[in-house]
Structure formats: C-alpha cells, structure tokens
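Let's take a walk through this protein chain together. Keep the structure open beside you and turn it as you read.

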Amino acid sequence: MWRRFRPVIGLQVLATIIIASLAAWMAGVHGAISAALGGLISIIAGLVFVLLAARSAEGKGKSAGEVIFAALKAEAAKLFLAMVLLWLVLATYEEVVVVGLLGSFVVSILIFSM
C-alpha cells in the first residue's frame, strides 16, 4: 500500500517546496512559512489516510461493503484532520499569508487525489 502512495507524497513535497519558494519571493518569509504549512497539512492528512486505509486492507476476505466503509472512514479522518490543522494554523499564526497557505493546501490536496 505504501509503495503506491510514495510517488504521490513525493510530488506533494516537491510542489510544496516550489510553492513555498514562490511565496517567499512574493510575500517574504511569512509567505514561505504559510505555503509550507499549507502543504504540510495536506501531506499529514494524506499520510493519516494511507495509514488507516492500509490498516483496513490487512484483513483478508472482507466484503466490498466493508472495504468501501473503511475507505470512507479513512477519507473522513483525512478531511477532519485537514480542517482541524487549517483552523489551528489560521487561529494561531498571526502573520499567516492566507493565499499562500490555501494555495499550497489546495494544490497538495489535488495532487493526492491523483
């Protein structure tokens, strides 16, 4: 399971680095930090999804309904964690550059959906 997601996570990291570099050039150090945080939020949420999905895939002989339910639980956990982390950053980081944070987050989430 991890082998399938490694290239996607690597691409998320690369995109986060590129966007953080652009944000640093356009908005300074806080732009870079904001973009890095946005990408990291998505990467962490994606890793939680993979962990939960891999754990549910370990059991052999599961029905299609059980597999779908496990995938939906993993997706719900990913979305919940992403929302909590976004709220945490927006609530605590006073110098956040919202465009950088959300831009990097959205790009990273879109890459994960590949």
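Start with Ile-17, which sits in helix H1. Is Ile-17 buried, exposed or partly exposed? With a relative accessibility of 49%, Ile-17 counts as partly exposed, because the exposed class only begins over 50%. Now look for Ile-109: this residue is 92 places away from Ile-17 in sequence, and the two C-alpha atoms are 15 Å apart in space. Keep in mind that you're looking at a predicted model, not an experimental one.

Stay in helix H1 a moment longer and find Ser-21. Ser-21 has 45% relative accessibility, so it counts as partly exposed too. Its C-alpha atom is 9.6 Å from that of Ile-33, a residue 12 places away along the chain.

Time to zoom out. The chain has 4 helices and 0 strands, so to speak an α-α-α-α run when you read from the N terminus on. The C-alpha trace spans about 55 × 30 × 15 Å along its principal axes. Of the 114 residues in the chain, 35% are buried. The accessible surface comes to about 7,100 Å², and carbon and sulfur atoms own 74% of that. As for charges, the chain carries 8 positive and 5 negative ones, and the mean positions of the two groups are 16 Å apart.

How do parts of the chain meet? Take the contacts between residues at least 6 apart in sequence: 76% of them join residues at least 24 apart.

Next, have a look inside. Which residues make up the largest nonpolar core? There are 11 of them: Phe-5, Val-8, Ile-9, Ala-15, Ile-43, Phe-49, Val-50, Ala-53, Ala-74, Ile-111 and Phe-112. Helix H1 (2-27), helix H2 (29-57) and helix H4 (98-112) are the elements that each give two or more residues to this core. Another core lies apart from it, with 10 residues, including Ile-41, Ala-82, Leu-85 and Val-96. There's a broader pattern to remember here: in soluble globular proteins, nonpolar side chains tend to be buried together.

Pick Ala-15 from the largest core and see what it meets. Setting aside neighbours within four places in sequence, Ala-15 is in contact with Val-107 and Ile-111.

Ile-41, from the other core, is found in helix H2. Its relative accessibility is 4%, so Ile-41 counts as buried. What does Ile-41 touch, not counting residues up to four places away in sequence? The list is Ala-82, Leu-85, Leu-86, Val-89, Leu-101 and Phe-105. Ile-109 turns up again here: its C-alpha atom is 9.3 Å from that of Ile-41, although the two residues are 68 apart along the chain.

Several of those partners of Ile-41 bring us to helix H3, whose buried residues are Ala-70, Ala-74, Lys-78, Ala-82, Leu-85, Leu-86 and Val-89. Look at how those numbers step along. An α-helix has 3.6 residues a turn, so residues three or four places apart point the same way. You can check the length of this helix as well. Helix H3 covers residues 64-92, which is 29 residues, and at 1.5 Å a residue it should span 42 Å; the end C-alpha atoms are 42 Å apart, so the two agree.

One name in that buried list may catch your eye: Lys-78, in helix H3. Its relative accessibility is 7%, and because the cut-off for buried is under 20%, Lys-78 makes the list. Leaving out residues up to four places away in sequence, Lys-78 touches Ala-45, Gly-46, Phe-49 and Phe-112. Phe-49 and Phe-112 are both members of the largest nonpolar core.

Finish in helix H4, where you'll find Ser-108. Is Ser-108 buried or exposed? At 1% relative accessibility, Ser-108 counts as buried. Its contacts, beyond neighbours within four places in sequence, are Gln-12, Thr-16, Gly-39, Ser-42 and Ile-43. Of these, Ile-43 belongs to the largest nonpolar core.

Note on methods
Residues are numbered from 1 along each chain as its sequence is written. This is a predicted model: local features need pLDDT of at least 70, side-chain atom pairs count only at pLDDT 80 or more; totals for chains, interfaces and linings use all residues. Side-chain values use heavy atoms; hydrogens and water are left out. A nonpolar core is a set of buried Ala, Val, Leu, Ile, Met, Phe, Trp, Tyr and Cys residues joined through side-chain atoms within 4.5 Å. Buried means under 20% relative accessible area, exposed over 50%, partly exposed in between (1.4 Å probe, protein chains only). Contact means heavy atoms within 4.5 Å. Accessible areas come from the Shrake-Rupley method with a 1.4 Å probe; for residues, only the protein chains shown count as cover. Lys and Arg count as positive and Asp and Glu as negative; His and the chain ends are not counted. The place of a charge is taken as NZ of Lys, CZ of Arg, CG of Asp or CD of Glu. The expected span of a helix is 1.5 Å times one less than its number of residues.
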